[in-house]
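Colleague: Could you take me slowly through the sheet in this model, and through the helices that pack on it? I would like to know what each statement rests on.

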Amino acid sequence: MHTRRSSRSLRTGGILLTAALLVSACSASASTGPSTSATAAAEVTLAALPEATPAALAPYYGQTVRWRSCGVPGFQCATLKAPLDYAKPGAGDVRLAVSRKKATGPGKRLGSLFVNPGGPGGSAVGYLQAYAGIGYPAAVRARYDMVAVDPRGVARSEPVECLDGRKMDTYTQTDTTPDDARETTQLVDAYKEFAEACGAHSPGLLRHVSTVETARDMDIVRAVLGDRKLNYVGASYGTFLGATYAGLFPGRVGRLVLDGAMDPSLPARRMNLDQTAGFETAFQSFAKDCVQQPDCPLGGKGTPTAEVGRHLKAFFRKLDAHPIPTGDADGRRLGEALATTGVIAAMYDESSWAQLREALTSAMKDKDGAGLLMLSDSYYERDAGGRYSNLMPANAAVNCLDLPPAYGSPEEVERALPSFEKASPVFGEGLAWASLSCAYWPVRATGEPHRIEARGAAPIVVVGTTRDPATPYRWARALAAQLASARLLTYEGDGHTAYGRGSACIDSAIDTYLLRGTPPAEGKRCS
């Protein structure tokens with residue numbers, strides 16, 4: 001997940017789907033034990049909206065866009081309005097930040113191509129200006145106006161705000177593997193403080209940052225820009241946003257690419273468990289590669305993957321008891337929470353594995369935590385001055401509104417721990433406790449798990465990576481099975497998302513679809 005200034009964010013467009021302290025893009029029933037509602041896929045189907053634009057929304061659809069300079073060469077920016085509450089369009093507006101880079105030619109212009117890097121909470125405008133608008137294939141940029149809208153509550157679009165930088169530092173260092181009642185209370189208190197701060201700073205907005213509302217915002221922007229249909233590339237959580245758009249407006253679907261797909265039909269307990277297993281799969285790939293390298297600090301050639309995991313878990317336990325120096329200007333030391341986040345960050349992109357080996361070597365052998373702290377900071381979008389983007393607040397705000405909390409109490413998490421630890425001996429415990437944070441959110445959820453079929457939509461391309469850590473491949477298969485017009489494109493490889501990650505097969509299939517409208521052949525697989 002990120003529009004962080006890192007190779008992972010700029011090359012893949014992958015965005016935070018789960019944070020070591022925060023919450024995954026998953027939520028579900030808060031019942032006290034395993035049940036059908038807590039584990040089974042939903043049978044409810046997202047209903048399409050009427051094709052005719054309601055009269056109360058006509059002023060929004062009839063806006064005139066006024067482009068201005070962004071201060072970034074080649075890009076234009078504008079601000080549009082959407083109703084804060086679609087049920088009460090006259091009760092106030094939310095301002096949406098929009099950016100565009102016009103088609104460069106040659107060739108006939110194909111309209112606008114919206115991009116979203118995921119999150120939830122990633123800045124689409126930042127992603128467009130830092131990567132998509134200059135890094136997408138030249139043939140695509142020649143034919144499309146590249147467009148991004150920061151979702152409501154995100155970055156430039158009235159961002160949700162919570163804790164300041166210093167308090168965020170404390171929050172991200174909170175122990176997420178409590179050993180006793182005192183540490184459990186400290187973790188719960190941290191979740192409560194974060195939630196209360198969000199409620200205090202953004203009380204009205206928190207009720208209206210759902211994915212359904214953001215999808216409706218995109219339709220307004222589509223219309224204002226003069227596009228008859230929406231063309232879109234979404235990564236990670238961006239696939240949920242794009243699929244939601246298709247479900248609400250199937251007749252307005254143009255060419256949609258959903259890369260690193262989520263399954264909207266699953267409740268949180270199932271999604272969180274799937275994602276935990278996904279990070280374990282990614283770690284196993286890293287471990288197998290690591291022991292073949294001369295600088296692997298977790299084992300040598302022939303070391304079993306399970307043993308590599310035990311070595312890392314033992315290192316985490318040492319940090320839990322005795323954090324190590326990092327050289328950080330603000331005095332932060334590397335404890336288990338930050339170290340785990342740093343390792344998770346490197347699981348998103350195999351090109352980060354060498355950096356992770358170096359960071360682990362420094363931490364384990366030299367007691368220097370700077371490398372892992374750098375990875376963790378990039379994950380949380382913290383800059384050298386101690387300032388955080390609003391990625392984490394927005395991530396929580398959207399997730400906690402889209403679906404009810406996965407667990408309602410520490411006791412529920414404790415009962416779930418064995419299943420999480422089975423799914424991932426390395427990460428399971430921390431990710432189980434991370435599933436608790438929405439329990440203390442100040443706003444009740446308005447959404448629920450549901451299927452998205454989007455009957456009547458034009459062909460949609462769903463992309464899944466077989467060893468994706470954050471959006472397991474099974475989710476892509478599930479979404480493709482739900483969407484009536486989907487084609488599943490499979491990347492047999494590592495890392496989060498597939499487009500622009502070096503597979504000529506994947507890139508060619510997606511480019512052909514975007515430029516010609518021809519989806520990949522049924523069952524197409526790439527490596």
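Modeller: What follows is a walk through the sheet, strand by strand, and then to its helices.

This is a predicted model, in which local features need pLDDT of at least 70 and side-chain atom pairs count only at pLDDT 80 or more, while totals for chains, interfaces and linings use all residues. Residues are numbered from 1 along each chain as its sequence is written, and side-chain values use heavy atoms, with hydrogens and water left out.

The sheet is open and is formed by ten strands in the order β1-β2-β3-β5-β4-β6-β7-β8-β9-β10, with mixed pairing. Here helices (H or I, at least four residues) and strands (E, at least two) are DSSP runs, numbered from the N terminus, and two strands pair if DSSP finds at least two bridges between them. At the edges stand β1 (68-69) and β10 (525-526), each with a single partner strand, so one side of each is left without a neighbour in the sheet.

From the edge strand β1, the pairing with β2 is antiparallel and runs over two bridges, and Arg68 stands opposite Cys77 in β2. Strand β2 (residues 76-83) in turn pairs with β3 in the antiparallel sense, over eight bridges, and there Cys77 stands opposite Ser99 in β3. Strand β3 also pairs with strand β5 (residues 144-149), again in the antiparallel sense, over four bridges, with Val98 opposite Val149 in β5. Strand β3 itself (residues 93-101) is mostly covered, since seven of its nine residues are buried; buried means under 20% relative accessible area, exposed over 50%, and partly exposed in between, with a 1.4 Å probe and protein chains only.

Two helices can be placed against these strands. Helix α8 (residues 211-224) packs on the sheet, where it touches β2, β3, β4 (111-116), β5 and β6 (230-235), and its direction makes about 125° with that of β2. Contact means heavy atoms within 4.5 Å, and the axes are lines fitted to C-alpha atoms, for helices over the stretch in contact, with angles running from 0 to 180 degrees between N-to-C directions. Helix α18 (residues 473-482) lies across β7 (253-259), β8 (460-467), β9 (486-494) and β10, running at about 160° to β8. The edge strand β10 is therefore one of the strands that α18 lies across.
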